Amino acid sequence: MISEVRSRRLEAGLSQAALGLVLGVSRQTINAIETGRYDPSLVLAVRLARFFGSTVEEVFRIEAD
């Protein structure tokens with residue numbers, strides 16, 4: 001899965017820790033999502049998308065086979 005979380009977070013001027021605090025997850029979770037080591041749960045993906053005023057499909061893309 002390709003994540004746009006890092007670019008959107010930087011556009012918002014937030015650190016990983018600040019975004020994690022708002023969403024109720026750790027900085028490490030945000031880092032893992034941004035680096036592709038962790039795919040968020042559906043609930044967290046929706047919360048991230050809503051936070052950024054986007055759809056889940058705009059924040060996360062499935063890699064083509």
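**Group meeting: helix H3 and its surroundings**

Let me start in the middle of the fold. The buried residues of helix H3 are covered by, among others, strand S1 (2–3), helix H1 (5–11), helix H2 (16–23), helix H4 (42–51) and strand S2 (60–61). Keep in mind that this is a predicted model.

Which residues of H3 are buried? H3 covers residues 27–34, and its buried residues are Ile30, Asn31, Ala32, Ile33 and Glu34. So the list includes Asn31 and Glu34 as well as Ile30, Ala32 and Ile33, with buried meaning under 20% relative accessible area. After H3 comes Gly36. Its phi is positive, near 80 degrees.

Now the start of that helix. Arg27 lies in H3. Is Arg27 buried, partly exposed or exposed? Its relative accessible area is 38%, so Arg27 is partly exposed. Set aside the neighbours within four places in sequence, and Arg27 is in contact with Gln16 and Ala17. Thr55 is another matter. Arg27 and Thr55 are 28 residues apart along the chain, and their C-alpha atoms are separated by 22 Å.

That brings us to Ala17, on the other side of the contact with Arg27. Ala17 belongs to helix H2. Its relative accessibility is 43%, so Ala17 counts as partly exposed. How far is Ala17 from Glu58 in space? The C-alpha to C-alpha distance is 22 Å, with the two positions 41 residues apart in sequence.

Next, the loop. Gly24 sits in the loop between H2 and H3. At 66% relative accessibility, Gly24 counts as exposed. Take Leu44 as its partner. The two are 20 residues apart along the chain, and their C-alpha atoms are 9.5 Å apart.

On to helix H4, where we find Leu42. Is Leu42 buried or exposed? Leu42 is exposed, because its relative accessible area is 65% and the cut-off for exposed is over 50%. Leu42 and Val56 are 14 residues apart in sequence. In space, C-alpha to C-alpha, that pair is 9.0 Å apart.

Now the aromatics. How many aromatic pairs does the structure hold? The count is 1. The partners are Phe51 and Phe52, with ring centres 5.2 Å apart and planes at 80 degrees, so the pair is edge-to-face. The two rings fall in separate burial classes. Phe51 has 35% relative accessibility, so Phe51 counts as partly exposed. Phe52 has 16%, so Phe52 counts as buried.

Let me step back to the whole chain. The protein chain has 5 helices and 2 strands. What is their order from the N terminus? The elements run β-α-α-α-α-α-β.

Then the dimensions. The C-alpha trace spans about 35 × 25 × 20 Å along its principal axes. Why call the chain compact? A compact globule of 65 residues would have a radius of gyration near 11 Å, and the chain has 11 Å, so the two agree.

Contacts next. Consider those between residues at least 6 apart in sequence. Of these, 55% join residues at least 24 apart.

Burial and surface. Of the 65 residues, 32% count as buried. The chain exposes about 4,100 Å². Carbon and sulfur atoms supply 53% of that area.

Last item, charge. There are 8 positive and 8 negative charges in the chain. How far apart are their mean positions? The separation is 9 Å.

To wrap up, back to H3. Five of the names to remember are Ile30, Asn31, Ala32, Ile33 and Glu34, buried in that helix. Their cover includes S1, H1, H2, H4 and S2.

Technical notes: Residues numbered from 1 in each chain as written. Predicted model: local features only at pLDDT ≥ 70, side-chain atom pairs only at ≥ 80, totals over all residues. Heavy atoms only, no water. Helix = DSSP H or I, 4+ residues; strand = E, 2+ residues; numbered from the N terminus. Rg over C-alpha atoms; globule rule 2.2 N^0.38 Å. Buried < 20%, exposed > 50% of the residue type's maximum accessible area, 1.4 Å probe, protein only. Contact = heavy atoms within 4.5 Å. Areas by Shrake-Rupley, 256 points an atom, 1.4 Å probe, with all protein chains shown as cover. Lys, Arg positive; Asp, Glu negative; His and termini not counted. Charge placed at Lys NZ, Arg CZ, Asp CG, Glu CD. Phe/Tyr/Trp six-rings, centres within 6.5 Å; stacked < 30°, edge-to-face > 60°.
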